Amino acid sequence: PFLLIDKVVDLIPDSRIVAIKNVTINESFFGGHFPGNPVMPGVLICEAMAQAAAVFARYSEPELLKNKNFYLVGADGFKWKKMVLPGDTLRIEMRSVRKRNPLWVMEGDVSVDGKIVASGTLTAAAA
């Protein structure tokens, strides 16, 4: 019930992933963020990036990561530049920066209609 990516449109193992999230007014978080003025919470944009990064890592190293989960252990340099509203389509791109198992460092950005709405670096650990 907490999946924040709808589809993967490009994936190059050990390089990058591009995923899409269609933001609809039916998202449960809009009821309280903010009543009468729906805005997607920035932390959920970060979570969508983390989910795309986890898919990317799993497809990049399927045997190594078999039977393991990914846990977010760091978020650095995040910036939110525009509000995400119902009807927006997020283009989430995550790129590999460094990998030393069990740690993966990935940087990424999220855009709507070609304009960056958020960017930052995530570190995840497989366990």
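1. Strands E1 and E2 run antiparallel and are joined by five bridges; within this pairing, Leu11 has Ile17 in E2 as its bridge partner. The model under discussion is a predicted one, and the remarks below should be read with that in mind.

2. The wider setting of this pair is an open sheet of six strands, ordered E1-E2-E4-E5-E6-E3, with antiparallel pairing. Strand E1 (7-12) and E3 are the edge strands, each of them pairing on one side only, and from one strand to the next the twist averages 20 degrees. Helix H1 packs on this sheet and touches E1, E2, E3, strand E4 (89-100), strand E5 (103-112) and strand E6 (115-126), while the direction of H1 makes about 125 degrees with that of E5. As general background, the strands of a sheet pair through backbone hydrogen bonds, and they may do so in a parallel or an antiparallel manner.

3. Moving along the sheet order, E2 and E4 are antiparallel and share seven bridges, with Ala19 standing opposite Ile92 in E4. E4 in turn is joined to E5 by nine bridges, again in an antiparallel arrangement. Two of the bridge partners in this pairing may be checked directly in the coordinates: Arg91 is matched with Ser111 in E5, and Arg98 is matched with Val105 in E5. The connection from E4 to E5 is a hairpin that passes through two residues.

4. On its other side E5 pairs with E6, the two strands running antiparallel with ten bridges between them, and here Leu103 has Ala125 in E6 as its bridge partner. The hairpin of E5 and E6 likewise has two residues between the strands, and in this hairpin Asp113 takes a positive phi near 55 degrees.

5. Why can E5 be described as largely enclosed by the rest of the structure? Eight of the ten residues of E5 are buried, and the description therefore rests on a count over the strand, where a residue is called buried if its relative accessible area is under 20%.

6. The structure holds nine salt bridges, and Glu93 is a useful place to begin with them. The side chain of Glu93 meets that of Arg16 in a salt bridge with an N to O distance of 3.2 Å, and this pair links distant parts of the chain, since Glu93 lies in strand E4 and Arg16 in strand E2, 77 residues apart. Glu93 also forms a salt bridge with Arg91, for which the closest N and O atoms are 3.0 Å apart. Glu93 counts as buried because its relative accessibility is 12%, whereas Arg91, at 31%, counts as partly exposed. Through salt bridges that share partners, Asp10, Arg16, Arg91, Glu93, Arg95, Glu107 and Asp109 are joined into one network.

7. A further salt bridge is formed by the side chains of Glu27 and Lys21, at 2.9 Å from N to O. Are these two charged residues buried or exposed? Glu27 is buried, because its relative accessible area is 15%, and Lys21 counts as buried because its relative accessibility is 4%.

8. With regard to the surface, Tyr71, Val73 and Leu103 make a nonpolar patch of about 290 Å². Val73 is placed in strand E3 (residues 70-80), which is one of the two edge strands of the sheet, and Val73 counts as exposed because its relative accessibility reaches 51%. As the cut-off for that class is over 50%, a reader who relies on the label for Val73 should keep the 51% value itself in view. Leu103, which contributes to the patch, has already appeared above as the bridge partner of Ala125 in E6.

9. The loop between strand E2 (16-22) and helix H1 (42-60) deserves a separate remark, and Gly31 may stand as an example from it. How far apart are Gly31 and Pro13 in sequence and in space? These two residues are 18 positions apart in sequence, and their C-alpha atoms are 37 Å apart in space. Gly31 counts as exposed because its relative accessibility is 58%.

Key:
Residues are numbered from 1 along each chain as its sequence is written. This is a predicted model: local features need pLDDT of at least 70, side-chain atom pairs count only at pLDDT 80 or more; totals for chains, interfaces and linings use all residues. Side-chain values use heavy atoms; hydrogens and water are left out. Patches are made of residues with over 30% relative accessible area and no salt bridge: like charges are joined within 9 Å, nonpolar side chains (Val, Leu, Ile, Met, Phe, Trp, Tyr) within 5 Å. Accessible areas come from the Shrake-Rupley method with a 1.4 Å probe; for residues, only the protein chains shown count as cover. A salt bridge is a side-chain nitrogen of Lys or Arg within 4 Å of a carboxyl oxygen of Asp or Glu. Helices (H or I, at least four residues) and strands (E, at least two) are DSSP runs, numbered from the N terminus. Buried means under 20% relative accessible area, exposed over 50%, partly exposed in between (1.4 Å probe, protein chains only). Two strands pair if DSSP finds at least two bridges between them. Axes are lines fitted to C-alpha atoms, for helices over the stretch in contact, and angles run from 0 to 180 degrees between N-to-C directions. Contact means heavy atoms within 4.5 Å.
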